[in-house]
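Visitor: Pick one part of this for me and take a really close look at it, please. I'm in the mood for salt bridges, and I'd like to hear where the partners sit.

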Amino acid sequence: MKLAIVGATGLVGTEVLKVLAERQFPLTGLLPVASAKSVGQLVEFLGKKYPVVGMDEAIAARPDLAIFSAGGSVSKEHAPRFAAVGTTVIDNSSAWRMDPTKKLVVPELNADLLTADDKIIANPNCSTIQLVVALNELHKAYQVQRIVVSTYQSVTGTGKKAVDQLMQERAGQPAANPAYPHPIDLNVLPHIDVFEPNGYTKEELKMVNETRKIMGDDTIRVTATCVRVPTLGGHSEAVNVEFAREFELADVRAILARTPGVEVVDDPARNRYPMPRDSHGRDAVLVGRLRRDETQPRTLNMWIVADNLRKGAATNAVQIAEYLVDKLVPASN
């Protein structure tokens, strides 16, 4: 199993390498791929150093799988080139998510939709992934009708440039090359991605459209406000969800406790609730602050936290790769 990682030197690419090692992914060859300025740099994986190669060299090597974490424009241009030589691409960007011919996959929910013919597979937005993982089993039990979500998203979701801005500002220095139009230290920005004509940002619309596609239900009403906060890793979400059927809180807790990928952290009397720092380096989606919305029936409030570089990106992509190896490769042989 030969694997290419496009964007191997970035925050998500580095995390992909870490997750592959932790989960003992069965690869026999590794191709770290990055921009021309990074070609020749060495990337370490399981004690061995691999030279970064360019896109053309990686495509010529015909890897079995390629995990892309290099932005939408790179994916649009080069993912089809990999697919054309038989490589299956798992793409972390927004380039293919809403393409009706491409699967948008969270393995706990819908990996069974994948076939050997799917050569470009979309990895959802980080904030969408943790939302749907938490809600999927509740949707089966009570049928989600409407979701109101407000996010509190780490600067790591923007990338190294944003991390540098935060740390420079935290040290009392002006940011040398700011990622945001305003300071982020001691501040929050209700602005993630670009604003659309309707006043929502692309990030907010991603949550609307991706949630419906992954959960396979276009009737779910979703509205989102996405906010950048000065944390280093871990996205948080305040979620208000209305169901078609009535629920008991004890049953909700029991369902969440057995939901794949979820860990319930909900003991307010002992000050236990999900926090971004508790999600660092972990793959679980943490759920807590479970309580009824007392202003209307069949409505639940919840607080959801996950490491955006792990389950929100790298781990989800690696889980897709594992599914392909476990389910589809044996079948094709």
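Guide: First, the yardstick: a salt bridge here is a side-chain nitrogen of Lys or Arg within 4 Å of a carboxyl oxygen of Asp or Glu. Bear in mind that this is a predicted model, where local features need pLDDT of at least 70, side-chain atom pairs count only at pLDDT 80 or more, and totals for chains, interfaces and linings use all residues. Residues are numbered from 1 along each chain as its sequence is written, and side-chain values use heavy atoms, with hydrogens and water left out.

By that rule the count comes to 22 salt bridges. Let's zoom in on Arg310. Its salt bridge with Glu22 has the closest N and O atoms 2.7 Å apart. The two sit in distant parts of the chain, 288 residues apart: Arg310 belongs to helix H10 (residues 310-332) and Glu22 to helix H1 (residues 11-22). (Helices are DSSP runs of H or I with at least four residues, strands are E runs of at least two, and both are numbered from the N terminus.)

Arg310 also meets Asp283 in a salt bridge, at 3.0 Å from N to O. This pair spans 27 residues, with Asp283 in the loop between helix H9 (276-279) and strand S12 (285-292).

How covered are these three? Buried means under 20% relative accessible area, exposed over 50%, and partly exposed in between, using a 1.4 Å probe and protein chains only. Arg310 is buried, at a relative accessible area of 2%. Its two partners are partly exposed: Glu22 at 46% and Asp283 at 23%.

Now widen the view a bit. Glu15, Lys18, Glu22, Arg23, Asp283, Arg310 and Glu322 are linked in a network of salt bridges.

Helix H1, which holds Glu22, deserves a look of its own. With 12 residues, H1 reaches 17 Å from its first C-alpha to its last, close to the 16 Å expected at 1.5 Å a residue (the expected span is 1.5 Å times one less than the number of residues). Its buried residues are Gly13, Glu15, Val16, Leu17, Val19 and Leu20, and Glu15 is one of the network members too. Just after H1, Gln24 takes a positive phi of about 50 degrees.

For contrast, try Lys206 and Glu203, whose salt bridge comes in at 3.5 Å, N to O. Both lie in helix H7 (residues 202-215), three residues apart, about one turn of the helix. An α-helix has 3.6 residues a turn, so residues three or four places apart point the same way. Lys206 counts as buried at 17%, and Glu203 does as well, at 5%.
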